[in-house]
Amino acid sequence: MKYKINEEDKLLFSQGALDYKYRLSVMKGSRIVDIIYGISQLGTYGINGESDIRRTLNFTLALDEFQTDIEEKIQSWFGLDFKFEIGMYSVMKNDYLWYPCGTYLITASNTQYNSTSNTLSLTVSDWFSKLNGTRNGQVGGTPLIKIPAVDDEGNHTILREVLTFVLKQQGGIENCIIDDIGEFFGMEANNTDFEEYRKNNPGWNQLPYDLEFNMGCMVADEINEITGLYPNLQKYFDVYNNFCCHMIPSCENNPIALDDDFLKSILTDSGESVDYDIENIRNVTEVLGSVYEIDRMSENCTTSGNTYKLQLDDYEKYVSNDYIAFTADKNNTEGMQLQINGLSLVPIYYENTTTLVAADTMTAGETYVLQYKKVDNSGRFYYLGQYQPHAICVLTADAQDPVYTKQYFAERFNCKNVVFRVEPDNPFTVQQIGIVPDVKTGDTYDNITSVSNAIETAIYDNIKTSSWNDIVTITTLCVPWLDVYEKVTWQKQNTSQPYPYIITNISHNLGGTVPTTSITMYRFHPLMYDYEIPL
């Protein structure tokens, strides 16, 4: 949850001279133990939108107000929290407006005592440091920690619920704001027909397989494994110390938080710097997921009309979630079905859809994988392709380019699942700089167990390695209420008009005579791709 920017906050910058104050509240739970204003030197207050530890702070405290038992006082703080606020003086209110800047734990300290200095220098990080081992977070009590996909009573594990359980039971985190977690098109932000998709795909938000962790793992390991099942999720602690988990916003429909005129009015002499991260720019993303663990394989396939008929030893009934591989003897026709050992005829759909596979999707002599599922008491075979989820996402200036066609990429990368992202004004398209591939496989990509997930991951990774590489950094007067993933407009030097940008990193330099804010942002491009929503 972000601080909601209002016009009064912006008007503070029109007062003339600005007056800032800093306040640290030492907290034991919700109780304030000490309030400290005597901050002799502040370093940086950083907000990193690409890190789980989103907020960090370093500063030096003058301890002159504590005349005795200083060491005991310092030691008593080590297990407590520090709530940090920045105040800006308001002429209209004749008082300071205090802005929340997060709750922190001490992660590094250095005390100095001599005749001229009586200070404590601290580095603090937000509460994610309680989960990832920086300050705490280790899980014990059993040799093996298992999160089952289905419990002993046959109930499927819901991702949002199990993440909440892990946070509260193992992490001790009570205040959580967790959105739905699941398949890309089951998310309201991605699909206007998300309710219909959820109805047709009841497992859209369920844990797809058991998760296991060894004793001594971190709570953050479990969190990362759950949230890593689907791309584009962020998790962090907000300025009010709530644990938040939701999709990284596209900001496509977000209002402009700060416009070019406002930003230029508070710009410092440092101005702007522009960076094109050429080394890491990639415009063709290839994703390979986990190799399917085939339950049964049939090389005995005959076609009768629109039905593939398979023979398998000791197979008496269809089993939900079974992976069945077979070698097609002929190309499939429209409305294709599959039958094993004379059991009932089962239609073949594209994965997680109600769309029957098109003619010639499967060709003679090739081996394919289907997964059997029960939906509304009816059996379905979902077409998964071959032995491994495989997808390509291409950044193109023109989906109708006569050279860079889908067929061209399908043949070049030996992949049938090709998606175009269309950004005519992006300088990093295949038409502008040629094909620069980025192959994603292994590690977290082994969590990908479906073609649709591979496509979604390819789209998201392609955005990160192409659209997020037109980067501008500006330095302004200190804006304490600003946060990451805000949409602003900015006109770069030597350009004719302002364009929308998305803030990803903020660094407040609070140590100088005049505190400043360094804002790093990438050029916003509307999210356009030609991957049809499966229903």
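Among contacts in the protein between residues at least 6 apart in sequence, what percentage join residues at least 24 apart? The figure is 69%. Keep that in mind as we go through the chain. This is a predicted model, and every value I give is computed from it.

Let me start with the whole protein. There are 535 residues, and buried ones make up 51% of them. The C-alpha trace spans about 95 × 60 × 35 Å along its principal axes. In secondary structure, we have 9 helices and 29 strands. The protein exposes about 24,700 Å², and carbon and sulfur atoms supply 45% of that area.

Next, the interior. The largest nonpolar core holds 74 residues, and the members that touch the most others in it are Tyr45, Trp77, Phe84 and Met521. Which helix gives this core its largest share? That is helix 9, residues 451-466, with 7 residues in the core. There is also a second, separate core of 37 residues, and among its members are Phe184, Cys217, Val219 and Ala220.

Helix 9 comes up again when we turn to charges. Within this helix, Asp461 and Lys464 sit 3 residues apart, about one turn. Their side chains meet in a salt bridge, at 3.7 Å from N to O. Are the two partners buried or exposed? Asp461 has a relative accessible area of 4%, so it is buried. Lys464 has 34%, so it is partly exposed.

Helix 6, residues 260-265, has a similar story to tell. Here Lys264 and Asp260 are 4 residues apart, again about one turn of the helix. The salt bridge between their side chains is 2.7 Å from N to O. Asp260 is at 9% relative accessibility and therefore counts as buried. Lys264 is at 37%, and so counts as partly exposed.

For a third pair, look at Asp438 and Lys440. The closest N and O atoms in their salt bridge are 3.2 Å apart. In this pair, both residues are buried.

How many salt bridges are there in the count? The count comes to 14. Some residues are linked in a network rather than a simple pair: Arg160, Asp180 and Arg198 are joined by salt bridges in this way.

Now to a strand that pairs on two sides of the discussion, strand 18, residues 323-327. Strand 18 is mostly covered, with 4 of its 5 residues buried. One partner is strand 15, residues 296-298, which runs parallel to strand 18 and is joined to it by 3 bridges. Within that pairing, Met297 has Ala325 of strand 18 as its bridge partner. The other pairing I want to show is with strand 21, residues 367-375, where the sense is antiparallel and there are 5 bridges. There, Ile324 is bridged to Leu370 in strand 21.

Just ahead of strand 18 is a loop that begins after strand 17, residues 307-310, and Asn321 lies in it. What is the phi of Asn321 near? The value is near 75 degrees, which is positive, in a residue other than glycine. Asn321 has a relative accessible area of 40%, so it is partly exposed.

Another asparagine, Asn414, also has a positive phi, about 50 degrees, although it is not a glycine. Asn414 lies in the loop between helix 7, residues 406-413, and strand 24, residues 418-422. At 66% relative accessibility, Asn414 counts as exposed, because the cut-off for exposed is over 50%.

Last, the surface. Which residues form a nonpolar patch there? They are Met1, Ile177 and Tyr240, and together they have about 270 Å² of accessible area. If you want to find Tyr240 in the structure, look in the loop between strand 11, residues 233-237, and strand 12, residues 243-247. With a relative accessible area of 38%, Tyr240 is partly exposed.

To go back over the main points: the protein has two separate nonpolar cores that I described, one of 74 residues and a second of 37. Strand 18 pairs in parallel with strand 15 and antiparallel with strand 21. And among contacts between residues at least 6 apart in sequence, 69% join residues at least 24 apart. That is the end of my part.

Key:
Residues are numbered from 1 along each chain as its sequence is written. This is a predicted model: local features need pLDDT of at least 70, side-chain atom pairs count only at pLDDT 80 or more; totals for chains, interfaces and linings use all residues. Side-chain values use heavy atoms; hydrogens and water are left out. Patches are made of residues with over 30% relative accessible area and no salt bridge: like charges are joined within 9 Å, nonpolar side chains (Val, Leu, Ile, Met, Phe, Trp, Tyr) within 5 Å. Accessible areas come from the Shrake-Rupley method with a 1.4 Å probe; for residues, only the protein chains shown count as cover. A salt bridge is a side-chain nitrogen of Lys or Arg within 4 Å of a carboxyl oxygen of Asp or Glu. Buried means under 20% relative accessible area, exposed over 50%, partly exposed in between (1.4 Å probe, protein chains only). A nonpolar core is a set of buried Ala, Val, Leu, Ile, Met, Phe, Trp, Tyr and Cys residues joined through side-chain atoms within 4.5 Å. Contact means heavy atoms within 4.5 Å. Two strands pair if DSSP finds at least two bridges between them.
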